[in-house]
Amino acid sequence: MLDFQHAPVSNLELLDDALAGLTGQPKSLPCKYFYDATGAKLFEQICELPEYYPTRTELAIMAASLGEIARRIGPQARIVEFGSGEGIKIRRLLEALDRPAAYIPIDISAEQLALNATQLAAEYPYIEILPLAADYHADLQLPKPQADYHSTVVYFPGSTLGNFPPAEARAFLARMKRIAGENGAVLIGIDLQKDPAILKAAYNDSAGITAQFNLNLLARLNAEAGGDFNLDAFSHLAEWNSAEGAIEMFLISQREQQAHLNGQPLQFAAGERIHTEHSYKYTLSGFAKLTAEAGLTVSQVWTDPEELFSIQYLEPE
Ligand code: TRP
């Protein structure tokens, strides 16, 4: 038996998920592990990259259309967001709204949620901030604000829905519809299909930050799941899959090699791929079809002049 050194396993769930993904065929790793502290910092850097258009384009659309968006939502809305609302987008929205009744951020990380909610409550003392620590796959009991509210609007920016495969995206839209209720709505950021060269550059920047972000998965396996991956022997690849309408991210083994997770050997062929994430891009008509399947109608779309990105307002049929 070969003797090798690895850090002790501190994250059993990560170890189990990674072993399942890396012993399967084709190999994959779950994208939910991108966002540890290092990953979150790298993603912030990605959002600033000249090639990564989604964040700045969504903000520009918001800036240009905030008045219209706020009118569409109307007064005294209860805003529910999946994610903990640390960002600039929720602040812009809350500031533009007519007497919002409450803001309910939902996040699985209770700690992060509490931190961000305290910060928001200090900035917006006139809005009830009611954080809900929950897994959004579970059934949710939304907190009731003290103030009267006219409607519930589910806010899901960042085109995060694009990271779900279509069947899951449809199910998630149906969930959001249920939460919004009969006179509610969904306000969602959706990235659009475009010249594949623009897409590929956005997911493979020249400064190499995206590569670092992707490789951070292996760094986490080394630090938390008893891994001994050689990070220099894997490289980042982003590919446009036109049949799927998705950018797909991979880590590619640069040569034939073996790595271990908690002592279990894993074999990689030269050029073998580990699938790490999908980022689905929609056409306006393709997304309208998906929402219809979830019982939601697109009642308004805001885009930038180049139609790179969209913010869409969805209402129950
Ligand atoms: N949600 C982001 C997106 O799809 C995540 C992301 C950006 C990403 N760049 C990446 C994921 C590179 C993996 C690799 O736009």
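Is Thr276 buried or exposed? I began my notebook with this residue, keeping in mind that I am working from a predicted model. Thr276 sits in strand E12, and I noted it as buried, because its relative accessibility is 2% and the cut-off for buried is under 20%. Its side chain makes a polar contact of 2.9 Å with the side chain of Asn214. Leaving aside neighbours within four places in sequence, I listed Leu29, Cys31, Phe34, Asn214, Leu217, Met249, Phe250 and Leu251 as the residues in contact with Thr276.

Ligand site. I next looked up which residues surround the ligand, and wrote down Phe34, Tyr35, Phe43, Tyr52, Asn163, Tyr203, Thr210, Phe213, Met249, Glu277 and Ser279. Sorted by class, this shell holds seven nonpolar, three polar and one charged residues. Helix H8, which spans 209-224, and strand E12, which spans 273-280, each contribute at least two residues to the shell.

I then went through the polar atoms at the site. The side chain of Tyr52 has an N or O atom 2.5 Å from an oxygen atom of the ligand, and a polar side-chain atom of Tyr203 likewise lies 2.5 Å from a ligand oxygen. For Asn163, I recorded 2.8 Å between an N or O atom of the side chain and a nitrogen atom of the ligand. How much of the ligand's accessible area does the protein cover? The ligand on its own has 370 Å² of accessible area, and the protein covers 95% of it.

Nonpolar cores. The largest nonpolar core contains 38 residues, and those with the most contacts inside it are Leu22, Leu29, Leu218, Leu221, Phe229, Phe234 and Leu261. Among the elements that give two or more residues to this core, I noted helix H1 (12-23), helix H2 (37-48) and strand E8 (234-241). Helix H8 gives the most, with six residues.

I followed Phe229 further and found that, not counting residues up to four places away in sequence, Phe229 touches Leu22, Leu218, Leu221, Asn222, Phe234, Ala259, His260, Leu261, Leu266 and Phe268. A second, separate core has 32 residues, including Val154, Leu161, Ile188 and Phe287.

Ile106. This residue belongs to strand E3, residues 102-107, and I noted it as buried because its relative accessible area is 2%, under the 20% cut-off. Residues up to four places away in sequence aside, Ile106 touches Val80, Glu81, Phe82, Gly83, Ser84, Leu113, Leu132, Ala134, Leu140 and Leu142. I also looked up the separation from my starting residue: the C-alpha atoms of Ile106 and Thr276 are 25 Å apart, with these positions 170 residues apart along the chain.

Lys41 and His6. Lys41 is found in helix H2, and I entered it as exposed because its relative accessible area is 54%, over the 50% cut-off. Lys41 and Gly24 are 17 residues apart along the chain, and their C-alpha atoms are separated by 30 Å.

His6 lies in the segment before H1 and is partly exposed, with a relative accessible area of 30%. Which residues does His6 touch, not counting those up to four places away in sequence? I found Gly226, Gly227, Asn262 and Gly263. His6 and Pro265 are 259 residues apart along the chain, and I recorded 13 Å between their C-alpha atoms.

Terms used
Residues are numbered from 1 along each chain as its sequence is written. This is a predicted model: local features need pLDDT of at least 70, side-chain atom pairs count only at pLDDT 80 or more; totals for chains, interfaces and linings use all residues. Side-chain values use heavy atoms; hydrogens and water are left out. A residue is near a molecule or strand if one of its heavy atoms lies within 4 Å of it. A polar contact is a pair of N or O atoms within 3.5 Å; within protein, one must be able to donate a hydrogen and the other to accept it, and residues adjacent in sequence count only if both atoms are side-chain atoms. Accessible areas come from the Shrake-Rupley method with a 1.4 Å probe; for residues, only the protein chains shown count as cover. Helices (H or I, at least four residues) and strands (E, at least two) are DSSP runs, numbered from the N terminus. Ala, Val, Leu, Ile, Met, Phe, Trp, Tyr, Cys and Pro count as nonpolar, Asp, Glu, Lys and Arg as charged, and the others, Gly among them, as polar. A nonpolar core is a set of buried Ala, Val, Leu, Ile, Met, Phe, Trp, Tyr and Cys residues joined through side-chain atoms within 4.5 Å. Buried means under 20% relative accessible area, exposed over 50%, partly exposed in between (1.4 Å probe, protein chains only). Contact means heavy atoms within 4.5 Å.
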